[in-house]
Each structure stands twice: as C-alpha cells, then as structure tokens.
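Got your viewer open? Let's take a walk through this model, one selection at a time.

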Amino acid sequence: MILLDGKKLRDLTADRLKNEVVTAMAESAISKPQLAILQVGDLAESNSYINQKKLFAEKIGASVIHEVYPTKISEEDLIAEIVKMNRNDQVHGIIVQLPIPEGLNKQRIIDTIDPIKDVDGLTAKNVKRLLAGDEQAVIPGTVFGVLSLLKHYEIPIDGKKITIVGRSMLVGKPLAAALLNENATVTICHRHTENLAEATKQADILIVAAGSPHLITKNHVRESQVVVDVGINFVDKTVRLALKPENEIPKKHMVGDADFEAVKDIVSAISPVPGGVGPMTVASLFHNLIQAWKAQW
Ligand code: NAD
C-alpha cells in the first residue's frame, strides 16, 4: 500500500515556491507576494487554519495581512473592506476565511473579490472558468491539493473511473469539474445516493469529502483502488495519563471519512488524515497566490 503523503509533498511545494519567490525578486524590483486574510469572528478552527497559512507564508517568503472583524459586522462594511484590499496593489491575493456568520450573503461577499486576487477560486467568475475547462481558472486549494497528490504519485486520471462522495460548492463540485477537465469519468455521490458501496467500489479512484467519520469501511472499497480522504472530523478519544485510570482525560482526535485501519490493507494507495489532503490545501493556496502575484507584475 502506498501512503499518499501530503506533508512530504507540502514541503516539496514550499521549497519550489520559495525558489520562485527568491528568483523573481532577485531579477526585478518587485514587492513580496502578499495574502490578505479577512476573518469574521474568532472560531478556534479558523484560527488554527489561519496559523497554518501564516507559517507556510513565512516558509516561502510571502507576507500575510490578517484582519479580524466582529461577528456583527454588516455586509456593506465587510464588502467595503474587500474593496479596499482590491485597490491595494501590495495585496496580491484575498481570502475570506470560511465559515462566516449566517446572515451575511456569502456569495455576494466572495464575488466582491477581484477575480485576479481570488486565490481560493471561489468567485462565480472563477467557478465558471473551471466549469468551462478554461486553463486560466484558479483551482480551489483543496481540489488542487487532491490533483497534486494524484499526479505526484503518478496515479493516472485520464479515462479512469472516479467516484466522489460529497457535492459541496467548496469541494465535491469543483473537484468533479477539475477531474472532468482531466478526462476522468466522474460519479458524484451524496446523502441521497442509493447503495453507496456499489458506487464507491466501481471506482478506480475514490475521493471522500463528506464530513462523516468512518463512512468508508472495508465494504466500500476493493483491491487496487486509490482512496483520497478529504474529510476532517474530530471524535472523542480517551487518553490515559501516567497509566492511571483516574488520570483519564477525553481528548479530540482527528479522523477522516475513511476508516483508515480497516481499508489500508485492501486498497493500493490511500491518503492519511491527518497528513494527507489537509497540508496540500494550504500549499495549494500559496501556489495560487504566487500565480496571482506573477499575473499582477
Ligand atoms: P459539506 O457538509 O458542505 O458537504 C458534505 C457533502 O457530503 C454533502 O454533499 C453531503 O450530501 C455529503 N454527505 C454527507 N454525509 C454523507 C453520507 N453519509 N453519505 C453520502 N454523502 C454524504 O462539507 P464540505 O465543506 O464539502 O467538507 C467535506 C469534508 O471535507 C469535511 O469533513 C471538511 O472538514 C473537509 N474538508 C477538508 C479540507 C482539507 O483541506 N482536507 C478542506 C475542505 C473541507
């Protein structure tokens, strides 16, 4: 079984991007690539993702502006902040950290981002480009991360049967579009799919993005199949400190959508959680930032 190691590929990607930045800045008098992260509220999960982005930026010589707004910010005020970032020529990429509070019109807010600075690839203009198979389309970080893992491990996509579990606008749908553009035959499953196991087993590559811990069991996979697990779930696990029962504490444990232990000896390759798609999502965001930076010289 081959482990699709996202941490290793993230580090290789960081080295490549760092070289690109150093070389470009040595050749001409341009400012550093800069990402603006706009966060509404203070969700612990978002804070953790933003920290990972800041660390990666530091590794490759990019900088980050991180603005935090109160949860009661009005839609118009948030839009005005995005417009300010659009006009700032020292800012090359803009992301609105999701989720944002309900009551704010997410798509209207995202569509305010200048498409040239849309490094998450979530504006309607970019989604349309991706659907059209336009090479200029910005591929969302998670989708680019999955594609990069498959390509790095030389797993063929062209002509292959790929089943995706999940149909969100963030992962499942753009992933399906990107894989169609790579000439795969794509099946999308969701909560209403009848006989999920039949659909997952027929695939050469199974990609799970459902947000449902251990949804994929040994009954959903077969030999010589590749499994890419996008899911991030936190389940309770009891940890015993110093081997004393009275010192047992509950701890959150990160797992994917596939039951890794149950399927790893059946399939030919699988991405772990943590350490698979997650690290590649961050690296891919910065791949997009460097592309946007170059397009704005
Ligand atoms: P979502 O809740 O918006 O969508 C989940 C999709 O899965 C839906 O289309 C739903 O129909 C389908 N689904 C859920 N349970 C199912 C079931 N039992 N059977 C069949 N289909 C089912 O979630 P999302 O934003 O697309 O994220 C999906 C997962 O990917 C989450 O765990 C999220 O945390 C993770 N995620 C990971 C990364 C990463 O970088 N690794 C990035 C984004 C999202």
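Where is N88 found? Select N88 and you'll land in the loop between helix 3 (75-87) and strand 4 (93-96). Helices (H or I, at least four residues) and strands (E, at least two) are DSSP runs, numbered from the N terminus.

Before moving on, some housekeeping. This is a predicted model, where local features need pLDDT of at least 70, side-chain atom pairs count only at pLDDT 80 or more, and totals for chains, interfaces and linings use all residues. Residues are numbered from 1 along each chain as its sequence is written, and side-chain values use heavy atoms, with hydrogens and water left out.

**Still at N88**

N88 counts as partly exposed because its relative accessibility is 26% (buried means under 20% relative accessible area, exposed over 50%, partly exposed in between; 1.4 Å probe, protein chains only). Now add Q90: its backbone nitrogen lies 2.8 Å from a polar atom of the N88 side chain.

**Next, the sheet**

Show the strands. Six of them form an open sheet with parallel pairing, in the order 1-11-8-7-5-6 (two strands pair if DSSP finds at least two bridges between them). Strand 1 (2-3) and strand 6 are the edge strands, each pairing on one side only. Zoom in on strand 8 (residues 226-229) and strand 11 (residues 269-270): they run parallel and are joined by two bridges. Pick V226, and its bridge partner in strand 11 is A269.

**Then helix 7**

Select residues 172-181. Is this helix mostly covered or mostly open? Mostly covered: seven of its ten residues are buried, among them G172, P174 and L175. The buried residues of helix 7 pack against helix 5 (124-132), helix 6 (141-152) and three strands, namely strand 5 (161-165), strand 6 (185-189) and strand 7 (205-208). Just after the helix comes N183, with a positive phi near 70 degrees.

**Last stop, the ligand**

Select the ligand and the 20 residues around it (one heavy atom within 4 Å is enough to be near). Which come nearest? Those are R167, S168, V230, I232 and T281. Check these distances:

- A polar backbone atom of R167 is 2.9 Å from a ligand oxygen.
- A backbone N or O atom of V230 is 3.2 Å from a ligand nitrogen.
- A side-chain N or O atom of T281 is 2.7 Å from a ligand oxygen.

Finally, colour helix 10 (residues 277-295), which gives the most to the shell around the ligand, with three residues.

How values were computed: Contact means heavy atoms within 4.5 Å. A polar contact is a pair of N or O atoms within 3.5 Å; within protein, one must be able to donate a hydrogen and the other to accept it, and residues adjacent in sequence count only if both atoms are side-chain atoms.
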